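Here is a protein model to explore, with its sequence and its 3D structure side by side. Take a look around, then read on for a guided walk through its helices and its core.

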Amino acid sequence: AHGLVHLLYLARDVPEFSLGSSWLVPESARRPVALALMVTTVAAFVLVALAVWGVPGLSRIWPVLTIAAASLSLVLLVAFWNNWLILGVAIDIALIAVAAVRPGWAQHIVA
């Protein structure tokens with residue numbers, strides 16, 4: 001679900017997810033950079049979901065996939081920052097922490 005939220009960058013009527021302003025990306029590159037980050041973030045989170053559902057091959061590498069997906073998300077959220085996005089940053093940090101620490105309960109949710 002967290003990965004799919006990034007598709008809100010495509011919605012014109014959701015100002016919290018705006019491609020129009022960035023404090024890091026020059027104006028001429030904003031849209032292509034944002035779209036590339038958004039597509040790779042959503043795709044990476046889809047792979048995480050498949051890993052959690054136990055898809056062979058992916059379920060073994062869920063920590064790497066999770067760290068990659070959350071890191072891409074962080075780059076997108078920070079580059080196109082809005083104060084409302086702090087929850088997304090918190091979710092990304094929590095996901096990275098779980099993937100890095102790999103607590104026992106997390107091992108049980110990945111088939």
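A residue counts as buried when its relative accessible area is under 20%, as exposed when it is over 50%, and as partly exposed in between (1.4 Å probe, protein chains only). This is a predicted model, where local features need pLDDT of at least 70 and side-chain atom pairs count only at pLDDT 80 or more, while totals for chains, interfaces and linings use all residues. Residues are numbered from 1 along each chain as its sequence is written, and side-chain values use heavy atoms, leaving out hydrogens and water.

**Two helices**

Helices here are DSSP runs (H or I, at least four residues), numbered from the N terminus. Their expected span is 1.5 Å times one less than the number of residues. Here's how two of them do:

| Helix | Residues | First to last C-alpha | Expected span |
|---|---|---|---|
| α2 | 23 | 32 Å | 33 Å |
| α3 | 18 | 25 Å | 26 Å |

Both come out close to the expected value.

Let's start with α2. Its buried residues are R30, A34, L37, M38, T41, V42, A44, F45, V48 and A51. What covers them? The cover includes α1 (2-5), α3 and α4. A36 also lies in α2, but A36 counts as partly exposed because its relative accessibility is 42%. Its C-alpha atom is 9.5 Å from that of L76, although the two are 40 residues apart along the chain. Just after α2, G54 takes a positive phi of about 90°.

Now for α3, where the buried residues are W62, P63, L65, T66, A69, A70, S73, L74, L76, L77 and A79. A79 is a handy example: with a relative accessible area of 5%, A79 is buried. Which residues does A79 touch, leaving aside neighbours within four places in sequence? Its contacts (heavy atoms within 4.5 Å) are S22, W23, L24 and V25. By contrast, A79 and V101 are 22 residues apart along the chain, with 27 Å between their C-alpha atoms.

**The cores**

A nonpolar core is a set of buried Ala, Val, Leu, Ile, Met, Phe, Trp, Tyr and Cys residues joined through side-chain atoms within 4.5 Å. The largest one has 16 residues, and the members touching the most others are Y9, F17, M38, L76, L77, F80 and L85. Which elements give two or more residues to this core? They are α2 (30-52) and α3 (62-79). Another core, of ten residues, lies apart from it, and among its members are F45, V48, W62 and L65.

L77 shows how parts of the chain meet: not counting residues up to four places away in sequence, L77 touches H6, Y9, L85, G88, V89 and D92.

**Out on the surface**

Nonpolar residues turn up outside too. W23, L24, V78, W81, I86, L87 and I91 make a nonpolar surface patch of about 700 Å². A patch like this joins nonpolar side chains (Val, Leu, Ile, Met, Phe, Trp, Tyr) within 5 Å, from residues with over 30% relative accessible area and no salt bridge. A salt bridge is a side-chain nitrogen of Lys or Arg within 4 Å of a carboxyl oxygen of Asp or Glu. Helix α4 (residues 86-101) brings the largest share of the patch, three residues.

I86 sits in α4. Is I86 buried or exposed? I86 is exposed, because its relative accessible area is 51%. V14, in the loop between α1 and α2, is buried, with a relative accessible area of 19%.

Methods: Patches are made of residues with over 30% relative accessible area and no salt bridge: like charges are joined within 9 Å, nonpolar side chains (Val, Leu, Ile, Met, Phe, Trp, Tyr) within 5 Å. Accessible areas come from the Shrake-Rupley method with a 1.4 Å probe; for residues, only the protein chains shown count as cover.
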